[in-house]
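Subject: Structure handover and notes

Dear colleague,

Here is the structure I promised to pass on to you. Please open it beside this message, since the notes that follow are meant to be read with the chain in view.

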Amino acid sequence: MNKYEAMFIIRPDLSEDEKKTLFSQIGETVTKNQGQVSSGAIWSEKRKLYFPIKKHQEGVYYLLQFSLPPLLLKEVTRTYSLNENILRSLFTKLE
């Protein structure tokens, strides 16, 4: 299993309950694909974006650290790309 870090930009107009649900869905996606979540937390609340993404000028940044088999990373990223509440995501492999 490789260790990864993922940064998500979330829609800023979600309510607190919707955010909590989305954050739990993000973690569940990793665990459903034989992964383990190390940590997950809001990195920045309502940060202004350099350019609009899907007509949003601001975004909530969420940082997730997890372990996952390398062959399943593509499936996890595809699942996140289908979620309309996630504006962008970036995955990096940790050493």
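In these notes a residue is called buried when its relative accessible area is under 20%, exposed when that value is over 50%, and partly exposed in between. By that reckoning, 41% of the 95 residues of the protein chain count as buried. Please keep in mind throughout that this is a predicted model.

**The chain as a whole**

The protein chain has two helices and four strands, and from the N terminus on these elements follow one another as β-α-β-β-α-β. A compact globule with 95 residues would have a radius of gyration near 12 Å, and the 13 Å found for the protein chain agrees with that. The C-alpha trace spans about 35 × 25 × 20 Å along its principal axes, while the accessible surface comes to about 6100 Å², with 51% of it belonging to carbon and sulfur atoms. Among the contacts in the protein chain with a separation of 6 or more, 74% are between residues 24 or more positions apart.

**The sheet and its helices**

The four strands make an open sheet with the order 2-3-1-4 and antiparallel pairing. Strand 2 (36–53) and strand 4 (86–94) stand at the edges with a single partner strand each, so one side of each is left without a neighbour in the sheet. From one strand to the next, the twist averages 20°.

Strand 1 pairs with strand 3 in the antiparallel sense over nine bridges, and Met7 stands opposite Leu63 in strand 3. Strand 1 also pairs with strand 4, again in the antiparallel sense, over eight bridges; here Ala6 stands opposite Phe91 in strand 4, and Lys3 stands opposite Leu94 in strand 4. Helix 1 packs on the sheet and touches strand 1, strand 2, strand 3 and strand 4, with a direction that makes about 30° with that of strand 3. Helix 2 (residues 73–82) lies across strand 1, strand 3 and strand 4, and runs at about 160° to strand 4.

Why can strand 1 be described as largely enclosed by the rest of the structure? The description rests on burial, because seven of the nine residues of strand 1 are buried.

**The aromatic residues**

The structure holds nine aromatic pairs. In one of them, Phe8 and Tyr62 form a tilted pair, at 6.5 Å centre to centre and with 35° between the planes. Phe8 lies in strand 1 (residues 2–10) and Tyr62 in strand 3, so this pair ties together parts that are 54 residues apart in sequence. Phe8 counts as buried at 0% relative accessibility, and Tyr62 counts as buried at 7%.

Tyr62 also pairs with Phe23: the ring centres are 4.1 Å apart and the planes are at 5°, so the pair is stacked, given that planes under 30 degrees apart count as stacked. Since Phe23 lies in helix 1 (residues 16–32) and Tyr62 in strand 3, the pair ties together parts that are 39 residues apart in sequence, and both Phe23 and Tyr62 are buried. One aromatic cluster is formed by Tyr4, Phe8, Phe23, Tyr62, Phe66, Tyr80 and Phe91.

**Two residues in contact, Lys3 and Ser67**

Lys3 has its place in strand 1, and Ser67 lies in strand 3 (residues 56–68). Is Lys3 buried or exposed? At 51% relative accessibility, Lys3 counts as exposed, whereas Ser67 is buried, with a relative accessible area of 10%.

Leaving aside residues up to four places away in sequence, Lys3 touches Phe66, Ser67, Thr92, Lys93 and Leu94. On the same basis, Ser67 touches Met1, Asn2, Lys3, Val30, Gly35 and Gln36. The C-alpha atoms of Lys3 and Pro70, which are 67 residues apart along the chain, are separated by 9.1 Å.

With best regards

Definitions and conventions:
Residues are numbered from 1 along each chain as its sequence is written. This is a predicted model: local features need pLDDT of at least 70, side-chain atom pairs count only at pLDDT 80 or more; totals for chains, interfaces and linings use all residues. Side-chain values use heavy atoms; hydrogens and water are left out. Buried means under 20% relative accessible area, exposed over 50%, partly exposed in between (1.4 Å probe, protein chains only). Contact means heavy atoms within 4.5 Å. Rings of Phe, Tyr and Trp (its six-membered ring) pair if their centres lie within 6.5 Å; planes under 30 degrees apart count as stacked, over 60 as edge-to-face and the rest as tilted. Two strands pair if DSSP finds at least two bridges between them. Axes are lines fitted to C-alpha atoms, for helices over the stretch in contact, and angles run from 0 to 180 degrees between N-to-C directions. The radius of gyration is taken over C-alpha atoms; the globule rule is 2.2 Å times the number of residues to the power 0.38. Accessible areas come from the Shrake-Rupley method with a 1.4 Å probe; for residues, only the protein chains shown count as cover.
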